[in-house]
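Hi there,

Here is the structure I promised to pass on. Have a look at it first, and then read on for what turned up.

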Amino acid sequence: MDYPDLIPGSSSGGCMEERPIELLLPRIDLTQQQIEACCLRIEVCAHQLLVAICFSSSPPMSGASARKNSRLKMTPTSGSHAAVVGERKTTTGVMEARVARSFRISDPRGTYGWEKSWEFGVTPWDLGKPTPVIEHLVRSGTLPKGRALVPGCGMGYDVVALASPERFVVGLDISDMAVKKAKQWSSSVPNADYFTFLVEDFFKWTPDEQFDLIFDYTFFSALDPSLRVYWAEAVNRLLKPDGELLTLIYLISDQEGGPPYNNTVADYQRVLKPVGFRAVLMEDNELAVKPRKGWEKLGRWKRCAHQSSL
């Protein structure tokens, strides 16, 4: 098929002349910091787009569900993990779902989009390996021993990295597919006796024992901001009185919608302070993967009688 001339100087025969891409784009001089900021923004936008695609189709509704046109109440739920708020309206004869961010109101547990993300491999948040700072902290020996919990564990790389004879780790995810994949790849690792994966709703789960350590990374930021108070209450319920909450905070402050949602240190403080937690350490994550370098904070939280100086 012949194409019209689209580039000045292309051949008159109709086919475009091959030209170096540099000649087609304007020259833009950027600093390394500006390039990294652009890369981060691209990563966030790609994350939102890919997840939105998986959330663009709802599971089939029952007849009873389809007839519900009234406002839907919000309920705490998890999701690689969030609940939804919305209402249905009739517009030009078509029922439209008004959705909180990208989650579908026809799925009350908020699991459908996350399940499809894992099913189709649309998981741009997945590093494909343990988080470097977790490996560093394990080697340093500064993390609590006993029982640890990783909510929204996904493939479970951090679960396996944390597990040892001194520390039994539970990886929790609401996606059956994520947990299935985690079990498949980790079944024969040397420390397989020291961790487990469960399909559970973080907000509703009631284990027999509390935990000495909870690690949160890309879980808090995946929650609709209206659910963050429930997240803090769940952490408070699941963590032992002298336990530690470890957060890797992915800083985002200039976007609309999500996931991931805008996320700052203040957002954590706002919900953790009322349940008695204070940051005993807050520092830049020098081991962050590119292009997240400079955009992550490592926070360690404890229940403290006196407010931290941070």
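Two residues are said to be in contact here when heavy atoms of theirs lie within 4.5 Å, and that is the sense of "covers" in what follows. Please keep in mind that this is a predicted model.

**Helix α8 and what covers it**

A good place to start is helix α8, residues 228-238, where R228, W231, A232, A234, V235 and L238 are buried. These residues sit on the same side of α8, because they cover an arc of only 160° around the axis. As general background, an α-helix has 3.6 residues a turn, so residues three or four places apart point the same way.

What lies over the buried residues of α8? The cover includes the strands β3 (146-151), β6 (211-217), β7 (239-250), β8 (277-284) and β9 (296-303), along with helix α9 (265-272).

**Strand β3 and its partners**

Of the elements in that cover, β3 is worth a closer look. It is largely enclosed by the rest of the structure, since 5 of its 6 residues are buried. β3 pairs with β4 (residues 167-173) in the parallel sense, over 6 bridges, and G146 stands opposite R167 in β4. Between β3 and β4 the chain passes through helix α6 (residues 157-162), and this β-α-β crossover is right-handed. β3 also runs parallel to β6, to which 2 bridges join it; here A148 stands opposite L213.

**The nonpolar cores**

The largest nonpolar core has 28 residues, and those that touch the most other members are L149, F202, I214, W231, L245, L272 and W301. At least two residues of this core come from each of β4, β6, α8, β7, α9 and β8. Which element gives the most to this core? That is α8, with 5 residues. Apart from this core lies another, of 23 residues, including I134, A148, C153 and F197.

If you would like to zoom in on W301, its contacts beyond four places in sequence are G243, E244, L245, T247, Y268, Q269, L272, F277, R278, A279, V280 and M282.

**Aromatic pairs**

The model has 9 aromatic pairs. In one of them, F202 and F219 meet edge-to-face, at 5.2 Å centre to centre and with 80° between the planes. F202 lies in the loop between β5 (195-199) and β6, and F219 in the loop between β6 and α8, so the pair ties together parts that are 17 residues apart in sequence. Both F202 and F219 are buried. The rings of F220 and Y268 are stacked, because their centres are 3.9 Å apart and their planes are at 25°. This pair links distant parts of the chain, with F220 in the loop between β6 and α8 and Y268 in helix α9, 48 residues apart. F220 and Y268 are buried as well. Ring pairs also link F202, F203 and F219 into a cluster.

**S221, in the loop before α8**

Last, a residue to click on: S221, in the loop between β6 and α8. Is S221 buried or exposed? S221 counts as buried, because its relative accessibility is 3% and the cut-off for buried is under 20%. Beyond four places in sequence, S221 touches R228, P260, Y261 and N263. S221 and P260 are 39 residues apart in sequence, yet their C-alpha atoms are 5.2 Å apart in space. R228 brings us back to helix α8, where R228 is among the buried residues.

Best wishes, and happy browsing!

Terms used: Residues are numbered from 1 along each chain as its sequence is written. This is a predicted model: local features need pLDDT of at least 70, side-chain atom pairs count only at pLDDT 80 or more; totals for chains, interfaces and linings use all residues. Side-chain values use heavy atoms; hydrogens and water are left out. Buried means under 20% relative accessible area, exposed over 50%, partly exposed in between (1.4 Å probe, protein chains only). Helices (H or I, at least four residues) and strands (E, at least two) are DSSP runs, numbered from the N terminus. The arc is that of the directions from the helix axis to the C-beta atoms. Two strands pair if DSSP finds at least two bridges between them. A crossover is right-handed if, with the strands pointing away from the viewer, the path from the first strand over the helix to the second runs clockwise. A nonpolar core is a set of buried Ala, Val, Leu, Ile, Met, Phe, Trp, Tyr and Cys residues joined through side-chain atoms within 4.5 Å. Rings of Phe, Tyr and Trp (its six-membered ring) pair if their centres lie within 6.5 Å; planes under 30 degrees apart count as stacked, over 60 as edge-to-face and the rest as tilted.
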